[in-house]
Amino acid sequence: MADDPETRPFPRPDLIVRGFRIHEGFLDPEAQAAMVEELREVARLAPFVTPETRFGKKMSVRMTSAGSHGWISDRRGYRYAPAHPSGVAWPPVPPSVAAVWDAVSGVARAPDCCLINYYGEGARMGLHQDRDEADFKWPVVSISLGDEGLFRIGNTTREGSTESIWLRSGDVVVMGGEARLTHHGVDRIRYNSSTLLPDGGRINVTLRVVT
Ligand SMILES: O=C(O)CCC(=O)C(=O)O
Ligand SMILES: [Fe+2]
């Protein structure tokens, strides 16, 4: 295992909930602010969009991406795409974000998608699996910034009991191994619970290996 070129050491999480490894306060306030600056630059080049579902329903979360692949959703359905809907290439994954992946993912391959979700007041994300990637052996790493979000963790099927935890600014979650296909979602945010973002709201960054 230690000699496996696909793996690297990773720190012990503060908490494990149904296989989700949770690193509380992984980023200190200074690191959070630096990451927000880098994400602002991504959003300047590839602006946030309000995705629509296949059925024409607007999502409450706004999204953009960095990396060679971005996640988009429109009336054609949802998928990974090589460019922003405007046609511009996705900007590179910001160094501060890539560094979190390197520190906690436990794998040696770099992510090819950095999805950036913005939750304004009232935004939420329904219970879902992340399953548009080619190989589920790679984890998904999620970074929370700004307002607190109520994160719900379920099961590999849609049914059954769930557990919820508040994710706070600077928290990092690794969804891998047996938990890679576990349903999860964000029921609500506590708007203005953090002062990190001047206009309030919550940013969640997820890193994935897509191809
Ligand atoms: O906002 C979060 O904490 C989770 C986001 C998520 O599950 C996703 O983008 O697939
Ligand atoms: Fe997800």
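**Notebook: ligand 1 and the sheets around it**

I began with the shell around ligand 1: β6 (113-119), β8 (140-146), β9, β12 and β13 (202-208) each supply at least two of its residues. I take strands (E, at least two residues) and helices (H or I, at least four) as DSSP runs, numbered from the N terminus.

I noted the ground rules next. This is a predicted model, where local features need pLDDT of at least 70 and side-chain atom pairs count only at pLDDT 80 or more, while totals for chains, interfaces and linings use all residues. Residues are numbered from 1 along each chain as its sequence is written, and chains are lettered from A and ligands numbered from 1 in the order in which they are written.

**Entry 1: the shell**

I counted 13 residues around ligand 1. The closest are N117, D130, V186, N204 and T206. A residue is near the molecule here if its C-beta atom, placed from the backbone, lies within 6 Å of it. I then sorted the shell by class and found seven polar, five nonpolar and one charged residues. My classes put Ala, Val, Leu, Ile, Met, Phe, Trp, Tyr, Cys and Pro under nonpolar, Asp, Glu, Lys and Arg under charged, and the others, Gly among them, under polar.

**Entry 2: the four-stranded sheet**

I traced an open, antiparallel sheet of four strands, ordered β7-β12-β9-β10. Two strands pair if DSSP finds at least two bridges between them. At the edges sit β7 (125-128) and β10 (163-167), each paired on one side only. From one strand to the next, the twist averages 25°. For angles, I use axes fitted as lines to C-alpha atoms (for helices over the stretch in contact), and values run from 0 to 180 degrees between N-to-C directions.

I looked at β12 in detail. Strand β9 (residues 148-153) is joined to β12 (residues 184-190) by six bridges, and the two run antiparallel. Within that pairing, E148 is opposite R190, and L150 has R188 as its bridge partner. On β7, I found two bridges to β12, again antiparallel. There M125 stands opposite V186, and V186 is also among the residues closest to ligand 1.

**Entry 3: the seven-stranded sheet**

I traced a second open sheet, with seven strands in the order β1-β2-β11-β8-β13-β6-β3 and antiparallel pairing. Its edge strands, β1 (15-17) and β3 (62-66), each pair on one side only. The twist averages 20° from one strand to the next. I checked β6 against β13 and found seven antiparallel bridges. C113 has R208 in β13 as its bridge partner. Helix α2 (residues 95-104) packs on this sheet and touches β2 (20-23), β6, β8, β11 (172-175) and β13. Contact means that the C-beta atoms of two residues, placed from the backbone, lie within 7 Å. The direction of α2 makes about 130° with that of β8.

**Entry 4: the annotated positions**

Which residues does the UniProt "binding site" annotation cover? The unreviewed entry gives W71, Y78, R79, Y80, D132 and R158. They span 88 residues in sequence and the farthest two C-alpha atoms are 23.1 Å apart, so they do not all gather at one spot. I keep in mind that the UniProt positions are in the numbering used here, that feature names are shortened, and that annotations may be inferred rather than shown by experiment.

I opened two of these residues. Y78 is in strand β5 (residues 77-81). Y78 counts as partly exposed because it has 15 C-beta neighbours inside 10 Å. My scale calls a residue buried with 20 or more other C-beta atoms within 10 Å of its own, exposed with 12 or fewer, and partly exposed in between, all placed from the backbone. Leaving aside neighbours within four places in sequence, Y78 contacts W71, I72, S73 and D132. R79 lies in β5 too. R79 has 12 C-beta neighbours inside 10 Å, so it counts as exposed. With the four-place neighbours again left aside, R79 contacts I72 and D132.

**Entry 5: positive phi**

Most residues other than glycine have a negative phi. I logged R18, with phi near 50°. R18 lies in the loop between β1 and β2. R18 has 17 other C-beta atoms within 10 Å and is therefore partly exposed. I also logged N192, with phi near 70°. N192 lies in the loop between β12 and β13. With 13 C-beta neighbours inside 10 Å, N192 counts as partly exposed.
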